[in-house]
Number of protein chains: 6
Amino acid sequence: MLDKYFEDVEVGSIAVSRGRTITEADIVMFSAFSGDWYPLHTDKEYAANTMFGQRIAHGMLVLSVGTGLVTMEPGVVLAFYGMDKLRFTNPTFIGDTIRVETEVLEKKDKDSFGVITVKQEIKNQRDQVCCTAILKVAVNKKGTF
Amino acid sequence: MLDKYFEDVEVGSIAVSRGRTITEADIVMFSAFSGDWYPLHTDKEYAANTMFGQRIAHGMLVLSVGTGLVTMEPGVVLAFYGMDKLRFTNPTFIGDTIRVETEVLEKKDKDSFGVITVKQEIKNQRDQVCCTAILKVAVNKKGTF
Amino acid sequence: MLDKYFEDVEVGSIAVSRGRTITEADIVMFSAFSGDWYPLHTDKEYAANTMFGQRIAHGMLVLSVGTGLVTMEPGVVLAFYGMDKLRFTNPTFIGDTIRVETEVLEKKDKDSFGVITVKQEIKNQRDQVCCTAILKVAVNKKGTF
Amino acid sequence: MLDKYFEDVEVGSIAVSRGRTITEADIVMFSAFSGDWYPLHTDKEYAANTMFGQRIAHGMLVLSVGTGLVTMEPGVVLAFYGMDKLRFTNPTFIGDTIRVETEVLEKKDKDSFGVITVKQEIKNQRDQVCCTAILKVAVNKKGTF
Amino acid sequence: MLDKYFEDVEVGSIAVSRGRTITEADIVMFSAFSGDWYPLHTDKEYAANTMFGQRIAHGMLVLSVGTGLVTMEPGVVLAFYGMDKLRFTNPTFIGDTIRVETEVLEKKDKDSFGVITVKQEIKNQRDQVCCTAILKVAVNKKGTF
Amino acid sequence: MLDKYFEDVEVGSIAVSRGRTITEADIVMFSAFSGDWYPLHTDKEYAANTMFGQRIAHGMLVLSVGTGLVTMEPGVVLAFYGMDKLRFTNPTFIGDTIRVETEVLEKKDKDSFGVITVKQEIKNQRDQVCCTAILKVAVNKKGTF
């Protein structure tokens with residue numbers, strides 16, 4: 001979705017990313033990087049007593065890995081405006097494998113560039129949706145970079 | 001904000017976090033973790049030719065660091081529902097120092113727990129807002145964890 | 001303990017930190033960072049033949065994680081003088097969850113600031129003491145930072 | 001091998017390094033660092049359907065860890081010229097422990113320094129050869145650094 | 001090159017990757033991961049007295065980053081056989097930006113799959129070749145994964 | 001010091017390690033790993049207003065790097081008892097290069113193994129002592145591992 005210049009983006013098209021297994025190491029690394037060591041993610045004993053029964057990945061970890069799974073072509077993406085309706089709908093456990101499905105909802109011509117609106121769903125190997133969001137991204141037109 | 005049980009959260013209260021300087025190492029580490037090596041973040045030569053004139057931090061990096069800057073008390077946070085109106089309004093450059101300001105907008109009693117709505121602004125040392133969002137978080141009541 | 005200005009520190013008070021599970025990833029990351037790849041920590045076959053029967057965490061890993069578990073308030077801590085009687089009394093295995101208990105032993109007024117002496121015990125989920133030490137920390141008085 | 005000045009290197013001598021267990025965390029960290037997230041290394045579901053039946057370590061991971069296992073003495077190594085006949089002959093699975101065996105094949109005097117040719121074999125705990133290569137390294141003579 | 005099934009690979013075709021700036025953080029992270037802390041890479045004072053006059057990136061770092069810069073398509077790559085004539089021809093300094101140029105030299109049909117031989121050059125922003133090698137990779141035919 | 005069996009350790013002998021430059025990346029990585037983001041180490045603006053005038057490395061970072069600089073021989077070290085009189089006497093700034101000097105103070109025969117007492121000094125490139133400590137380590141006798 002983010003690997004095509006504005007002219008080639010088709011509303012309604014869907015792309016599915018490769019998968020990535022979320023490991024215990026990922027949760028430790030993200031806790032470390034972000035500084036968010038909330039015990040639901042990092043304390044086995046604490047997590048066993050929550051409604052999840054075990055440690056779960058941070059929502060932001062899932063979302064951050066999601067951005068890396070989506071193929072982006074150098075020169076295409078101008079800027080990332082933001083997100084709407086970001087919802088975490090299912091937990092991601094250690095050992096789950098996630099992938100990203102993106103669908104183009106809308107494209108708007110802004111003369112020197114374009115803005116595309118994309119629906120993103122992050123799903124696990126059980127086909128459960130873990131995270132869903134609407135993204136707005138400014139993309140270049142051909143020959144403008 | 002996320003260090004108080006539901007009963008003690010006050011609508012209108014504001015909290016300011018400590019600061020964290022975003023270094024070149026942070027950008028490399030986040031690119032590595034997320035898998036998002038888009039050259040605007042990781043290629044000095046490419047970035048010099050963009051409207052920013054230099055490498056900038058990933059939006060998700062800023063947001064992820066933001067979650068770690070906010071103090072969370074074990075036992076208080078039940079689950080993180082999601083975000084609305086997430087907007088990236090100013091770039092974060094290497095060497096900028098960011099902090100998080102959170103304001104409680106609303107609290108809703110759900111019997112066995114509560115839901116608080118929070119406005120979050122991530123600001124840099126020049127007091128520019130880099131990122132703004134509305135968060136919904138489920139928090140415990142006293143004595144329920 | 002390290003989140004209060006000198007005037008508010010009470011001799012005899014005790015604080016217990018949140019917990020953190022020490023994972024295989026933590027041992028790899030600490031070996032990598034420190035450069036200490038001693039095979040007792042990093043070679044499964046070698047460790048199986050030692051008195052511990054398996055890989056154990058580095059003493060310095062446990063101590064370093066301990067410093068991060070203790071809450072420190074910006075503006076409070078001036079400098080960390082050192083440690084005495086640091087002893088490693090039980091091994092930390094992969095999957096153990098550690099917490100820090102700190103007790104204020106003494107406080108000394110040095111006019112423009114204060115020095116507090118603290119006893120620190122790092123315990124695991126079986127309530128065994130893994131590491132114990134006496135720390136001396138210079139802390140600010142109110143209004144001096 | 002790389003811890004002796006040119007004069008002391010003996011053709012035919014063999015050195016065996018300590019071992020290092022390759023963990024799931026190592027594979028995640030190397031994927032992150034290198035940017036090579038090929039699903040054979042990082043997607044449990046995908047890897048289960050390949051001829052290996054599970055995730056395997058990257059060839060470059062094994063080779064990179066190999067360079068760190070070999071003892072190098074500061075002042076001895078001048079430059080690393082390159083490699084020939086690098087072959088990956090057996091996969092490295094999560095939990096395997098690898099070591100490096102190096103044999104000096106040849107030494108050439110270049111007046112102000114020397115060049116040694118080394119055969120390197122990386123073996124696992126089952127004594128299978130995972131990787132083999134011929135290296136050429138420029139080493140200092142005594143008193144020249 | 002490694003994003004096409006065997007049938008679509010064309011001998012003589014050339015691909016150029018995106019770039020990645022090699023930072024001081026990359027050198028620290030690779031030293032940490034590999035365990036290779038040779039002072040030419042990690043000791044500013046030592047490196048100042050070598051023929052390079054400053055710290056340089058590890059050869060294996062450059063090569064590892066190179067593998068991540070090359071686009072690989074899930075399902076296409078079967079196995080990585082090895083390398084020949086790997087040569088490090090110019091140093092990579094902190095702040096250099098490298099890219100990979102790959103040229104298909106040969107393709108061989110092995111019935112159920114194919115083997116392609118590729119020449120790889122890693123170049124910096126001054127168009128100097130830092131590293132060159134010949135790679136052999138087993139790739140799938142269409143419909144066989 | 002920690003690369004010799006008990007019989008070969010000589011009281012009074014001194015060893016000097018290789019050096020390692022402490023980079024901004026090291027401070028970020030140690031903050032991340034330990035969870036200690038105290039702003040003296042991680043917030044440029046805050047650190048500028050302290051007596052140090054800039055960010056300094058964590059004491060535990062310096063000590064942890066120190067353990068990795070000391071050469072340890074597999075089979076020699078049995079266990080690390082602890083430390084006494086650990087003092088941080090000078091700050092370590094970004095860009096400083098540290099080395100470890102160890103002196104054997106005492107050796108005690110415990111029949112099946114031995115205990116050595118070592119004085120450790122971590123010095124920077126200006127020959128200032130940053131950290132000093134007394135360590136006790138249990139080491140094997142020849143032929144007992």
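Two residues are in contact if their C-beta atoms, placed from the backbone, lie within 7 Å. Keep that cut-off in mind, because the comparison of the interfaces rests on it.

What you have above is a predicted model. Its overall scores are ipTM 0.94 and pTM 0.96. Chain A has a mean pLDDT of 95, with 99% of its residues at 70 or more.

**One chain**

Let us start with chain A. It contains 4 helices and 6 strands, and their order along the sequence is β-β-α-α-α-α-β-β-β-β. The C-alpha trace of chain A spans about 55 × 30 × 25 Å along its principal axes. Of its 145 residues, 52% count as buried. If we take the contacts in chain A between residues at least 6 apart in sequence, 71% of them join residues at least 24 apart.

**The core**

The largest nonpolar core holds 248 residues, and those touching the most other members are A:V62, B:V62, C:V62, D:V62, E:V62 and F:V62. Which residues does B:V62 touch, leaving aside those up to four places away in sequence? They are B:A57, B:T92, B:I98, B:I122, B:C130 and B:C131.

**Where chain A meets chain B**

Here 29 residues of chain A are in contact with 29 residues of chain B. On the side of chain A, the elements giving two or more residues are α1 (24-34), α4 (59-69) and β3 (77-88). The largest share, 10 residues, belongs to β3(A). This strand also pairs with strand β3 (residues 77-88) of chain B, in the antiparallel sense and over 4 bridges. Within that region, A:M83 stands opposite B:L86 in β3(B).

The symmetry is pleasant to look at, too. A turn of 180 degrees with a shift of 0.0 Å along the axis lays chain A on chain B, with an RMSD of 0.0 Å. The two copies are therefore related as by a two-fold rotation axis. In chain A, the C-alpha nearest this axis is that of A:D84, 2.4 Å away from it. Do the copies meet through the same surface or through different ones? They meet through the same surface, because 100% of the interface residues of chain A are also interface residues in chain B.

**Where chain D meets chain C**

Now turn to chains D and C, where 10 residues of chain D are in contact with 10 residues of chain C. On the side of chain D, β2 (20-21) and α1 (24-34) each supply at least two residues.

Chain D is superposed on chain C by a rotation of 120 degrees, with 0.0 Å of shift along the axis and an RMSD of 0.0 Å. That is the relation of a three-fold axis. Among the residues of chain D, D:A25 comes closest to the rotation axis, with its C-alpha at 3.0 Å. In this pair the copies meet through different surfaces, because only 10% of the interface residues of chain D are also interface residues in chain C.

**Residue classes on the two sides**

The table sets out the classes for the sides described above.

| Side | Nonpolar | Polar | Charged |
|---|---|---|---|
| Chain A, touching chain B | 18 residues | 7 residues | 4 residues |
| Chain D, touching chain C | 1 residue | 6 residues | 3 residues |

Terms used. Residues numbered from 1 in each chain as written. Chains lettered and ligands numbered in written order. Predicted model: local features only at pLDDT ≥ 70, side-chain atom pairs only at ≥ 80, totals over all residues. Nonpolar A, V, L, I, M, F, W, Y, C, P; charged D, E, K, R; others polar. Core = buried A, V, L, I, M, F, W, Y, C linked by C-beta atoms within 7 Å. Buried ≥ 20, exposed ≤ 12 C-beta atoms within 10 Å, placed from the backbone. Pairing = 2+ DSSP bridges. Least-squares fit on C-alpha atoms with pLDDT ≥ 70 in both. pLDDT = per-residue confidence, 0-100.
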